[in-house]
Amino acid sequence: MPVRLVMAGADLGAQGPVRAKICGLTTPADVEAAASAGAAYGGFVFFARSPRHLSISAARELAVLAPVGLAKVALTVDADDAQLDAILSSVPIDILQLHGKETPDRVSQIRARYGLPVMKAVGVADAADVVALDLYSAVSDMLLVDAKAPKDAALPGGNGLAFDWRLIAGRRWTRPWMLAGGLTAANVAEAIHLTGARQVDVSSGVESTPGKKDADMIAEFVRATVAA
Ligand SMILES: O=C(O)c1ccccc1NCC(=O)[C@H](O)[C@H](O)COP(=O)(O)O
């Protein structure tokens, strides 16, 4: 199904339930759990150091299982054209999530080269980081407003850490955006109410151990999101 990001700017305003993205799917059961829970997006991680990393062939096997309605997101970190070419020539992907230090110019290049919607992740730890969101909203189709990974973190994201949501309370951007970082079924309603997010992204918060998704936790998270 084509992803309606242009329309999504309007769709994601006041209408409809908040949409959930389940990131770091690694098994067919994860794809089934995300889809049957009613998630709008499923994320595939291409980052070798991650416990959620997928080879291209594994990602392809999962992506073809995703039903209409579960948009397939490829998460990469400072990927070069060769890596993106390899992923996108084999895996049917709907959205690219750029989770590294990609500059605004690089985001624009990637959008132009692949013609896919691009979601740029921006890490937030303090008010200065919020400025970067304005910069990237000019060149991205969607923003992922995430916690900034600590300097000593093993991963640039997916660490299950939240940021101070008050930093973005009441903020709006010209592009659709998604809130991420340390969300769980227990805190997602508060996060939505405080920030006004209409889309949320979770990984660690629906895992029993790092890298292992739990179908019940996914269902509970999506229920809490929709009910918020
Ligand atoms: O998940 C990973 O392993 C990962 C690796 C490298 C860059 C980003 C990564 N994950 C990002 C996400 O899963 C989400 O987009 C988001 O940051 C939520 O993560 P979490 O705080 O674990 O819910």
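This report walks through a predicted model, from its annotated domain and ligand shell to two helices and one buried alanine.

**Domain and ligand shell**

A UniProt record, from an unreviewed entry, places the feature "domain: N-(5'phosphoribosyl) anthranilate isomerase (PRAI)" at residues 20-223. Over residues 20-223 the chain is 33% helix and 22% strand, and the C-alpha atoms at the two ends of this stretch are 10 Å apart.

The ligand is surrounded by 27 residues, and the closest are Ser50, Gly157, Gly158, Ser203 and Ser204. Strand 6 (142-147) and strand 8 (199-202) are the elements that give two or more residues to this shell. Sorted by class, the shell holds twelve nonpolar, twelve polar and three charged residues.

**Two helices with a buried side**

Helix 6 and helix 8 are worth reading side by side, and the table sets out their buried residues and packing partners.

| Helix | Buried residues | Elements they pack against |
|---|---|---|
| Helix 6 (residues 127-137) | Leu133, Tyr136 and Ser137 | helix 5 (104-114), strand 5 (118-124) and strand 6 |
| Helix 8 (residues 215-227) | Ile218, Phe221, Val222, Ala224 and Thr225 | strand 1 (19-22), helix 2 (28-37), helix 7 (188-195), strand 8 and strand 10 (212-213) |

A little helical geometry helps here: an α-helix has 3.6 residues a turn, so residues three or four places apart point the same way.

Take helix 6, whose buried residues are Leu133, Tyr136 and Ser137. Viewed down the helix axis, they fall within an arc of 100 degrees, so they line one face of helix 6. The face turned away from that buried side carries the exposed residues Ala127, Ala128 and Val131.

Now for helix 8, where the length can be checked too. At 1.5 Å a residue, its 13 residues should span 18 Å, and the end C-alpha atoms of helix 8 are indeed 18 Å apart, which agrees. The buried residues of helix 8 include Phe221 and Val222. The buried set covers an arc of only 160 degrees around the axis, which puts these residues on the same side of helix 8. Asp216 and Ala227 are exposed on the other side.

**A closer look at Ala191**

Helix 7, one of the elements against which the buried residues of helix 8 pack, contains Ala191. Is Ala191 buried or exposed? Ala191 has 22 C-beta neighbours inside 10 Å, and therefore counts as buried, the cut-off being 20 or more. Leaving aside neighbours within four places in sequence, Ala191 is in contact with Trp165, Leu179, Leu183, Ala197 and Val200. Glu102 lies 89 residues from Ala191 along the chain, and the C-alpha atoms of these two residues are separated by 27 Å.

Key: Residues numbered from 1 in each chain as written. Predicted model: local features only at pLDDT ≥ 70, side-chain atom pairs only at ≥ 80, totals over all residues. Near = placed C-beta within 6 Å. Helix = DSSP H or I, 4+ residues; strand = E, 2+ residues; numbered from the N terminus. Nonpolar A, V, L, I, M, F, W, Y, C, P; charged D, E, K, R; others polar. Buried ≥ 20, exposed ≤ 12 C-beta atoms within 10 Å, placed from the backbone. Arc of directions from axis to C-beta. Contact = placed C-beta atoms within 7 Å. UniProt positions renumbered as here; feature names shortened; annotations may be inferred. Expected span 1.5 Å × (residues − 1).
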